[in-house]
Amino acid sequence: MKNGLEDVIAAETQLSDVDGEAGRLVIRGVSLEHLVDDASYEDVVILLLGGLIEGNLQKEELRRRLGHMRTEVFADIRTIDDHILELPPVDIMRALIARLPDGDDLEAALRLLAAPAVFLPAILRLKNGDKPIAPSSSLSQSADILAMLGGGLPSAEKVKALDAYLVTISDHGLNASTFASRVIASTGAGLTSSVLGAIGALKGPLHGGAPGPVLDMLDAIGTQENAKAWLNQALDRGERLMGFGHRVYRVRDPRADALKLALKPLIEAGQVDRERTELASAVEQAALAILKERKPDRPLDVNVEFYTALLLDALGFPRDAFTGVFAIGRTIGWIAHAREQALKGRLIRPRSVYVGPLPRAA
Ligand code: COA
């Protein structure tokens, strides 16, 4: 029995490889640092779905159909009522996605890729008392998300930064939500069921729910001078430092560097709160030194969530929406894995060791 299935190999995949010792992520044969340089969200959809689903995956055609799907699913936001609007954004997304039909074809996949991208900006606006903005089918997915969020055409730097984020987090081996997606796909259920289960797994603070708390931590620390004392006190209380540590990486998470690089043009264009980035940098340095000193047996380094928090904040997403943006990007990974599992895998059905009471003898 392996608690948490640590180091257990439960699938063969051609989609991505996470090398935790070297700190390297390869997505379908391309290293993350090369992929993130010039790939758009649409490029990574084509890369991950290629060979796993029937249909035309040429870039222009995909962009057109995805845009069309965004327009189609926008009608579903009418079903958001006052009761559901009280829930956290990712839970509202989950409720809306649950209404979509199940299916295994390209149409179903594109609907599931478009839906969270349309739902999240609309949910955020409705929560603010603003009217949702309809999608523009002619824009790229990243440009349209930002346009639906804030109105008006986003800057080229912002579109590039969101593309970099969505590409960076598109797939990541057999993480908890992807495993959930594969388990569901292995039963023969459709892609909507897989994506729904995966969203449920993603929202936990140990998986995709960490970046919001990263900003809370930075706010609580407040000044660079306070970093060391605050971090030590948090560890004294037995808390974990959000944005640090990883189940697989024993070195720096390569996605953290990809996102740090993606932030640079925004900083240079004056589109990021400079004070916050300087504070974050000081907190990162202090946390690494303290973790090294206090947890010498466990290499703990920065993970993807630390820079996710800074990047998504700079793009105008409120912190309670960060998990929802993660879901927008990771849906392509969940779908690709679900398809791979459905095409090549077997029903996933491990066994448990019974440690409960024995029946009394008659
Ligand atoms: N801050 C402080 N200590 C940490 C830590 C963190 N962020 N992450 C792990 N540790 C410590 C644990 O307390 C434990 O120490 P102990 O042996 O003295 O009790 C040791 O490192 C091993 O932790 P373990 O729970 O076995 O690691 P894991 O592989 O199960 O955990 C995470 C991985 C990601 C869940 C964990 O690092 C974490 O909670 N990080 C913070 C949340 C986060 O950033 N999540 C996003 C992940 S991408």
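Start by selecting G245, H246, Y249, V251, D253, D301, V302 and N303, the residues that line the largest cavity. Here a cavity is a set of points, on a 1 Å grid over the protein atoms alone, where a 1.4 Å probe fits but cannot get out, and lining residues have an atom within 4 Å of a point. The idea behind it is simple: rolling a probe the size of a water molecule over the atoms shows where empty space is left. How much space lies in the largest cavity? About 30 Å³, where a volume is the space filled by probe spheres set on the grid points, with points joined across faces, edges and corners. The count of cavities of 30 Å³ or more comes to one.

Now color that lining by residue class. You should get three nonpolar, three polar and two charged residues. In this scheme Ala, Val, Leu, Ile, Met, Phe, Trp, Tyr, Cys and Pro are nonpolar, Asp, Glu, Lys and Arg are charged, and the others, Gly among them, are polar.

A word on what's on your screen: this is a predicted model, in which local features need pLDDT of at least 70 and side-chain atom pairs count only at pLDDT 80 or more, while totals for chains, interfaces and linings use all residues. Residues are numbered from 1 along each chain as its sequence is written, and side-chain values use heavy atoms, with hydrogens and water left out.

Next, click on the ligand. Around it sit 19 residues (each with a heavy atom within 4 Å of it), and R240, L241, F244, R247 and R298 come nearest. That shell holds nine nonpolar, five polar and five charged residues.

Zoom in for the polar contacts, meaning pairs of N or O atoms within 3.5 Å; for pairs within protein, one atom must be able to donate a hydrogen and the other to accept it, and residues adjacent in sequence count only if both atoms are side-chain atoms. Three to pick out:

- R240: one of its polar side-chain atoms is 2.6 Å from a ligand oxygen.
- G243: a polar backbone atom lies 2.9 Å from an oxygen atom of the ligand.
- F244: a backbone N or O atom sits 2.8 Å from a ligand nitrogen.

How much of the ligand's area does the protein bury? Of the 870 Å² that the ligand exposes when taken alone, 75% (areas by the Shrake-Rupley method with a 1.4 Å probe; for residues, only the protein chains shown count as cover).

Move on to the second largest pocket, with about 320 Å³ of space. A pocket is an open set of grid points with protein on both sides within 12 Å along at least five of seven lines. Of its 17 lining residues, select V36, D37, K160, A164 and A262, which lie nearest its centre. Which helix gives the largest share of this lining? Helix 13, with six residues. Helix 1 (32-38), helix 8 (156-168) and helix 13 (254-268) each supply at least two; helices are DSSP runs (H or I, at least four residues), strands are E runs of at least two, and both are numbered from the N terminus.

Last stop: P89, in helix 5 (residues 89-97). Buried or exposed? P89 is buried, at 1% relative accessibility (buried is under 20%, exposed over 50%, partly exposed in between, with a 1.4 Å probe and protein chains only). Add T323 to your selection: P89 and T323 are 234 residues apart in sequence, and their C-alpha atoms are 8.4 Å apart in space.
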